[in-house]
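Here are some exercises to try with the structure open in front of you. Have a go at each task before you read the worked solution.

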Amino acid sequence: MSEQAVTGSGGTPGPEQTPDAAGGDAAASPAGATAAGPTSAGMTADGAPAAPADVSGAGMAADAAPPAGGTQQRSTDITAGPGGVMTDEVGVVTGELTLRTEWADGQVVLRVQYKDADEWYVVTGGKAALADPAGLDAVHAIAVALLNRPEG
């Protein structure tokens, strides 16, 4: 099917095709009416922002605001493979662990802890520059893929 221009007199758009002040289609709403509420992705049908989604088991909440101070983090429970995970503070840690990937001030850091413990340890070699925090999910996914070895 082809498109055709709808014009009024003198080659100007017909009134039913004239965009409104916001760039929308004036014919889509009554004269003088404007769209109420946001119309972008991530919004519910009534225009209210969608609530943050709990992503249980993934160690993160989708659409959650980053922690105060401009830092962001992702956490996932993992099982260390044979030989464990080397850390800067205590050497090798083994067994059931939690891996946390943190981003702050252009730097990403991998940390592990024994599951449900209080102390966190920096993974040896687990620091790198990361200018854009949008890459945090990818870095975390790669770290989980490398360190999680539940089969041994």
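**Exercise 1.** In this predicted model, find what kind of link the side chains of Lys 115 and Asp 77 form, and work out which parts of the chain the pair ties together.

*Solution.*
- Step 1: Look at the two side chains. Lys 115 and Asp 77 meet in a salt bridge, with 3.6 Å from N to O. The cut-off for such a pair is 4 Å, so the distance qualifies.
- Step 2: Place each partner. Lys 115 lies in the loop between strand S7 (107–114) and strand S8 (121–129), while Asp 77 is in strand S3 (residues 72–79), so the salt bridge ties together parts that are 38 residues apart in sequence.
- Step 3: Check the surroundings. Lys 115 is partly exposed, at 40% relative accessibility, and Asp 77 is also partly exposed, at 43%.

**Exercise 2.** Decide whether Thr 98 is buried or exposed, and list what its side chain and its neighbours have to do with the pair you just studied.

*Solution.*
- Step 1: Locate the residue. Thr 98 belongs to strand S6, which covers residues 96–104.
- Step 2: Read its accessibility. The relative accessible area of Thr 98 is 8%. Buried means under 20%, so Thr 98 is buried.
- Step 3: Follow the side chain. It makes a polar contact with the side chain of Asp 77, at 2.8 Å.
- Step 4: List the neighbours. Leaving aside residues up to four places away in sequence, Thr 98 touches Ser 75, Thr 76, Asp 77, Arg 111, Val 112, Gln 113, Lys 115 and Trp 120. Both partners of the salt bridge from Exercise 1, Lys 115 and Asp 77, are in this list.

**Exercise 3.** Which residues are linked with Glu 102 in a network of salt bridges? Build your answer one pair at a time.

*Solution.*
- Step 1: Start with Glu 102 and Arg 100. Their side chains meet in a salt bridge of 2.6 Å, N to O.
- Step 2: Add the next pair. The side chains of Arg 111 and Glu 102 form a salt bridge of 2.8 Å, N to O.
- Step 3: Put the pairs together. Arg 100, Glu 102 and Arg 111 are linked in a network of salt bridges. The total count of salt bridges is four.
- Step 4: Compare with the accessibility values. Glu 102 is buried at 16% and Arg 100 is buried at 14%, whereas Arg 111 is partly exposed at 22%.
- Step 5: Look at Arg 100 once more. Arg 100 also lies over the face of Trp 120, at 3.9 Å from the ring centre.

**Exercise 4.** Find the residues of the largest nonpolar core and say which elements each supply at least two of them.

*Solution.*
- Step 1: Collect the members. The core has 12 residues: Ile 78, Ala 80, Val 85, Val 93, Leu 97, Leu 99, Leu 110, Val 112, Tyr 121, Val 123, Ala 143 and Val 144.
- Step 2: Sort them by element. S6, S7, S8 and helix H1 (136–147) each contribute at least two residues to this core.
- Step 3: Zoom in on one member. Among the residues that Leu 97 touches are Ile 78, Ala 80 and Val 85; these three also belong to the core.
- Step 4: Step back to the whole protein. One helix and eight strands make up the secondary structure, in the order β-β-β-β-β-β-β-β-α along the sequence. Of the 152 residues, 23% count as buried.

**Exercise 5.** What is unusual about the phi of Asp 105 and Asp 116, and where do these residues lie?

*Solution.*
- Step 1: Recall the general pattern. Most residues other than glycine have a negative phi.
- Step 2: Read the two values. Asp 105 has a positive phi of about 50 degrees, and Asp 116 has a positive phi of about 70 degrees. Neither residue is a glycine.
- Step 3: Place them. Asp 105 is in the loop between S6 and S7, and Asp 116 is in the loop between S7 and S8.
- Step 4: Check their accessibility. Asp 105 is exposed, with a relative accessible area of 76%, and Asp 116 is exposed too, at 69%.

**Exercise 6.** How many residues apart in sequence are Gln 72 and Pro 133, and how far apart are they in space?

*Solution.*
- Step 1: Place Gln 72. This residue lies in strand S3 and is buried, with a relative accessible area of 19%.
- Step 2: Compare the two separations. Gln 72 and Pro 133 are 61 residues apart in sequence, and their C-alpha atoms are 7.6 Å apart in space.

Note on methods. Residues are numbered from 1 along each chain as its sequence is written. This is a predicted model: local features need pLDDT of at least 70, side-chain atom pairs count only at pLDDT 80 or more; totals for chains, interfaces and linings use all residues. Side-chain values use heavy atoms; hydrogens and water are left out. Helices (H or I, at least four residues) and strands (E, at least two) are DSSP runs, numbered from the N terminus. Buried means under 20% relative accessible area, exposed over 50%, partly exposed in between (1.4 Å probe, protein chains only). A polar contact is a pair of N or O atoms within 3.5 Å; within protein, one must be able to donate a hydrogen and the other to accept it, and residues adjacent in sequence count only if both atoms are side-chain atoms. Contact means heavy atoms within 4.5 Å. A nonpolar core is a set of buried Ala, Val, Leu, Ile, Met, Phe, Trp, Tyr and Cys residues joined through side-chain atoms within 4.5 Å. A charge sits over a ring if NZ of Lys or CZ of Arg is within 6 Å of the ring centre and within 35 degrees of the ring normal.
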